[in-house]
Structure formats: C-alpha cells, structure tokens
Amino acid sequence: MPWRVPPADRKAGVAPDPYAVWLSEVMLQQTTVAAVRDYHRKFTALWPTVRDLAAADDAAVMAAWAGLGYYARARNLLKCARVMVADHGGQFPSDLATLLTLPGIGPYTAAAIAAIAFDAPETVVDGNVERVMARMFDIHTPLPAAKPELTARARALTPAVRAGDYAQAVMDLGATICTPRNPACGICPWRAPCAARIAGTAADLPRKTPKKKTPTRYGIAYVARRADGAILLETRPDSGLLGGMLGWPCSDWVEDPAPAPPIAADWTAVEAEARHTFTHFHLHLRIMVAHVPLDAQPDRGHFVARPEFSPAALPTAMRKVYDLVADLVQID
Ligand code: SF4
C-alpha cells in the first residue's frame with residue numbers, strides 16, 4: 001500500500017506522511033484497498049502535499065476522483081485541505097479533538113490518522129477490528145448492540161507505544177486471516193489466546209441482529225361513482241396513517257380484512273391490486289368498484305363532484321388505486 005512505511009524504514013525512523021495517511025483513509029471509506037491504490041498514487045503525484053491539493057482546481061480534483069464514487073468525499077477532501085492550510089498552516093493536527101473539527105473527518109478517520117500518522121494511542125475500530133475482538137473474546141452479543149463492548153475490548157488492548165502499527169496490524173489480521181468466512185486460525189499469530197478458536201465458535205462470530213422482515217397488511221378500497229359523475233371519498237381520521245388525508249373508503253388494513261363497503265351497492269372486484277410500501281409495512285389493496293344511483297346515501301364518506309376532484313390531492317397509496325380504476329369507473 002503506497003501510504004504505508006515499510007518496517008525497515010520505520011525502524012530507521014521514517015514517520016508516515018499524515019497527508020498520505022489522510023488521503024488513504026478518506027479514499028478507503030466505502031472502497032477497497034485494490035481500488036484505492038492507483039488513485040492514491042495519482043493524487044500524490046498530481047498534488048504531493050496538502051498545500052498543493054488546497055491550491056488545486058476543483059474541477060481537476062473531481063476529475064481525478066472520477067470512478068471512486070461517493071463524490072461528497074472528494075468535495076470534503078478539498079474543503080479539508082483548504083481549512084488545513086488556512087487554519088493550521090498546512091500542518092495536520094495530531095490530536096483527536098482537533099482532527100474531528102475538520103470537514104469529512106469522523107471518529108473513525110480521526111482515530112486512524114492520530115494513531116497511524118502520529119502514533120497517538122487512539123483506538124481504531126472498523127468492521128475488521130470488531131470481528132477480531134468478537135472472536136478473540138468469544139463475544140456472542142449481536143451487532144450493533146455489541147459495538148460498545150467490542151470498542152472497549154479494542155481500547156484495552158491498544159498499546160501506549162506503536163499504536164499506529166498495532167491498529168494497522170489488527171485491521172490487516174481481520175482483512176487477511178481472521179476473515180468473515182473461514183478464518184485461517186491455523187496460521188493466525190493470535191491463535192493461542194483466541195477464545196472463539198478454543199470454543200470452536202469463530203466462524204459464527206460476530207453475531208448480527210437479523211433485519212426484521214417488513215410485514216404485509218391487506219385492505220379493500222371501495223370506489224363508487226354516482227350517476228352524475230360524483231365519486232365517493234372519505235377523509236381519513238386525523239390520528240393514524242394518512243391522517244386527515246382524502247382517500248377511498250377502505251376496510252381496516254390488517255392481515256385478513258373484513259369487507260366494509262361504505263354504501264349499499266352491487267360491488268365488483270377489480271383484478272389488479274394496488275401496492276404501496278409505508279415505513280413499517282407493505283400494503284396490498286384489493287379494489288371494489290360500483291356505480292350508484294343519484295339518491296344513494298353512503299354510510300361513510302361524502303360524494304365529491306367530478307370538477308372538484310383532483311387526483312393529485314390523493315396520497316400516493318390512494319393515487320395508485322385511482323390509476324388502476326379511473327378508466328373502469330370513468331372518473332378520469
Ligand atoms: S485464531 Fe482464528 S478466530 Fe482467533 S483471531 Fe485468529 S483467525 Fe481469528
């Protein structure tokens with residue numbers, strides 16, 4: 001990795017370049033090492049220092065970033081470089097608190113820069129580190145609830161010296177040996193104290209809380225057209241879903257809805273079904289249509305004269321019903 005200092009150079013006292021470390025950490029957010037390598041080389045060739053980058057043309061930086069994705073990162077990169085030059089004399093701050101004030105630098109990136117570039121004893125916790133900690137200590141609490149415990153374990157192991165080497169070593173262990181599937185315990189340098197290896201649970205860790213399946217509810221929407229063209233609508237109760245919105249009279253939206261026609265009529269089922277997804281459930285609406293005489297009296301809802309009806313005023317779920325039946329009931 002071009003931003004790393006080889007062990008022999010480290011021994012000889014060569015320190016990592018904070019600019020190269022920062023660049024790598026921003027590029028690595030959401031992207032793999034393999035994809036980042038060439039971009040990192042290109043950026044450091046075009047703009048060898050943070051001052052060069054701060055003075056760069058915005059369009060040139062965006063063009064050089066093209067293909068890496070998540071373009072907000074490139075804009076923040078430039079912003080950060082300029083703040084660094086304007087407020088910090090072109091020098092990277094070495095403490096976590098100041099790093100956190102910079103654009104595009106969150107807790108993970110700040111800890112990574114402090115540890116890797118400045119050897120500050122900060123704890124760097126990414127997905128790799130979480131996995132290694134869950135296995136090392138055989139922690140079965142599922143993620144994300146386990147995060148504080150995994151971070152505390154990682155913090156307790158962070159050494160006061162060579163914190164940067166340590167952080168990179170644990171991340172590399174997770175990326176190359178203690179991998180999500182088939183951890184290579186046989187060649188792992190940490191195999192002796194690893195509790196999950198001893199318990200035989202390594203491949204099952206870390207546990208994750210399963211994502212809840214979105215439930216489906218069913219309902220029946222009733223579309224009645226009066227002989228003069230007026231249509232039957234109902235204002236939904238203020239409390240509850242689509243509260244206060246105008247819509248078709250409906251049955252309850254439940255697992256197995258009972259018919260609830262709003263007016264006595266000869267109701268016909270429509271073959272198509274309107275489907276809509278709300279935040280917490282999918283809704284499948286069966287649709288019934290009817291033509292009713294001028295003197296028909298609804299049990300609920302009110303007739304709206306055709307010229308006063310605007311489909312655009314319907315909430316999306318109700319609009320989908322309209323789109324399916326407008327022709328059929330001649331209300332378009
Ligand atoms: S012994 Fe196995 S489970 Fe434990 S840290 Fe090493 S690779 Fe991971």
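Reader: Looking at strand β3, which residue does Thr235 stand opposite?

Author: Heads up, this is a predicted model: local features need pLDDT of at least 70, side-chain atom pairs count only at pLDDT 80 or more, and totals for chains, interfaces and linings use all residues. Residues are numbered from 1 along each chain as its sequence is written, and side-chain values use heavy atoms, with hydrogens and water left out. β2 pairs with β3 (residues 246-247) in the antiparallel sense over two bridges, where strands are DSSP runs of E, at least two residues long, numbered from the N terminus, and pairing takes at least two DSSP bridges. In β3, the residue opposite Thr235 is Leu246.

Reader: And over in β7, what's the bridge partner of Ile231?

Author: β2 also runs antiparallel to β7 (residues 302-304), and three bridges join them. Ile231 sits across from a β7 residue there, and that partner is Val304.

Reader: How many of β2's five residues are buried?

Author: β2 covers residues 231-235 and is mostly covered. Buried here means under 20% relative accessible area with a 1.4 Å probe, protein chains only. By that cut-off, the count for β2's five residues is four.

Reader: Switching to the inside, which helix gives the most to the largest nonpolar core?

Author: That core has 57 residues, and those with the most contacts inside it are Trp22, Phe43 and Leu53. A core is a set of buried Ala, Val, Leu, Ile, Met, Phe, Trp, Tyr and Cys residues joined through side-chain atoms within 4.5 Å. One helix (a DSSP run of H or I, at least four residues), spanning residues 107-118, puts in eight residues. That top contributor is helix α8.

Reader: How many residues are in the second core, the separate one?

Author: This core stands apart from the largest one, and its members include Val270, Ala274 and Val321. Leu233 belongs to it too, and this residue falls within the 231-235 range of β2. The residue count for this second core is 26.

Reader: What's the volume of the largest cavity?

Author: A cavity is a set of points on a 1 Å grid over the protein atoms alone where a 1.4 Å probe fits but cannot get out. Points are joined across faces, edges and corners, and the volume is the space filled by probe spheres set on them. The whole structure holds two cavities of 30 Å³ or more. For the largest cavity, the volume is about 120 Å³.

Reader: Which helix supplies the largest share of the largest cavity's lining?

Author: Its lining has 15 residues, with Cys178, Pro183, Cys185, Cys188 and Cys194 nearest the centre; a lining residue has an atom within 4 Å of a point. By class, there are twelve nonpolar, no polar and three charged. Three of the lining residues come from one helix, residues 127-136, and that's α9.

Reader: Now the largest pocket: which element gives the largest share of its lining?

Author: A pocket is an open set with protein on both sides within 12 Å along at least five of seven lines, and the largest has a volume of about 380 Å³. Of its 18 lining residues, Leu28, Val33, Tyr108, Asp126 and Met171 are closest to the centre. The elements giving two or more residues are α2 (18-28), α8 and α11. The largest share, five residues, comes from α11.

How values were computed: Buried means under 20% relative accessible area, exposed over 50%, partly exposed in between (1.4 Å probe, protein chains only). Ala, Val, Leu, Ile, Met, Phe, Trp, Tyr, Cys and Pro count as nonpolar, Asp, Glu, Lys and Arg as charged, and the others, Gly among them, as polar.
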